[in-house]
Amino acid sequence: MRTQKAKPPAREDRQVLDRVSTTRIVGGVAVAYAASVIVQNAMFMGGVAQLLGLGDGTGAPTYGDPLGEVLTYHAANRGAVAVAVGLEALNLPLLLLFVTGLQGLVQRRGAAGADWSRLAVAAGATLSAIFALVIATHIAVVLAADGLAEPTPAFELVWQIHAAAFALALPALGATFIGAALATHASGLTRPWQRLLGVAGGSLLILAGAGNLAIADGSPLVFVGVSGLAAWLVWLVVTGRRLIRGQG
């Protein structure tokens with residue numbers, strides 16, 4: 001008696017499997033990106049850097065600290081900063097993969113929220129370009145600090161450019177956050193509270209970015225932006241886990 005051969009999956013079944021696989025990949029990228037950013041920022045905490053043998057235990061200076069402290073920190077914590085700036089080589093492609101992958105998911109779900117996903121892609125590309133400048137100037141600060149006994153006008157200028165670029169990155173991140181949150185909600189990928197988190201967190205980032213001159217000069221307004229960044233990381237982890245599980 002001849003046994004029937006198993007039929008290959010129908011075209012529709014393969015398409016469903018491809019969509020599920022892509023959804024999980026985008027979710028994994030979101031979680032990986034959030035984890036990388038968290039580790040990157042942890043390098044600037046003195047205790048963490050010292051525990052890993054990468055620093056002297058002092059925390060990273062703020063933009064309002066005296067230049068002498070900025071110079072001393074970067075001279076003594078070159079290892080910690082090297083890890084932090086090195087991780088940006090991972091963060092940039094992960095961010096771009098996430099926003100472009102997210103746009104694909106939204107379009108395959110009937111294009112609801114497509115305009116918002118295009119905003120996320122454009123803002124994410126802008127954010128990547130600005131953060132490339134943030135990291136490049138930070139590398140220059142570290143290299144200059146290694147051979148200086150005291151701050152010079154050139155050292156001060158590079159530090160100020162670094163601070164200004166960081167301040168301008170905040171509204172770009174805010175636009176990315178809002179676009180991604182509204183796009184995923186419109187296409188049914190996330191819960192309503194995640195949309196609220198995205199709009200609130202993104203608005204905080206844009207609000208802080210509007211005070212970019214004050215932030216670059218050391219204003220505590222930067223902590224408004226830090227709150228928005230924290231909301232972005234929470235949103236990435238929660239959204240990423242939902243996509244990995246195939247929810248939404």
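## Aromatic pairs

Two rings of Phe, Tyr or Trp, the last taken by its six-membered ring, count as a pair if their centres lie within 6.5 Å. By that criterion the structure, a predicted model, holds 8 aromatic pairs. Ring pairs join Tyr-33, Phe-98, Phe-177, Trp-232 and Trp-235 into a cluster.

## Main nonpolar core

The largest nonpolar core contains 33 residues. Tyr-33, Phe-98, Trp-232, Trp-235 and Leu-236 have the most contacts inside this core. At least two core residues come from each of α1 (11–42), α4, α5, α6, α7 (192–210) and α9 (222–244). Helix α6 provides the largest share, 8 residues.

Leaving aside residues up to four places away in sequence, Phe-98 touches Val-26, Val-29, Ala-30, Trp-232, Trp-235 and Leu-236. Trp-232 and Trp-235 are thus partners of Phe-98 in contact, and these three residues also belong to the ring cluster.

## Second core and helix α3

A second core, separate from the main one, has 8 residues, among them Val-70, Leu-71, Trp-159 and Ala-163. Val-70 and Leu-71 lie in helix α3 (residues 67–76), where the buried residues are Val-70, Leu-71, Tyr-73 and His-74. These four cover an arc of only 165° around the axis, which puts them on the same side of α3. An α-helix has 3.6 residues a turn, so residues three or four places apart point the same way.

The buried residues of α3 pack against three helices: α4 (78–108), α5 (114–145) and α6 (153–186).

Technical notes: Residues numbered from 1 in each chain as written. Predicted model: local features only at pLDDT ≥ 70, side-chain atom pairs only at ≥ 80, totals over all residues. Heavy atoms only, no water. Buried < 20%, exposed > 50% of the residue type's maximum accessible area, 1.4 Å probe, protein only. Arc of directions from axis to C-beta. Contact = heavy atoms within 4.5 Å. Core = buried A, V, L, I, M, F, W, Y, C linked by side-chain atoms within 4.5 Å. Phe/Tyr/Trp six-rings, centres within 6.5 Å; stacked < 30°, edge-to-face > 60°.
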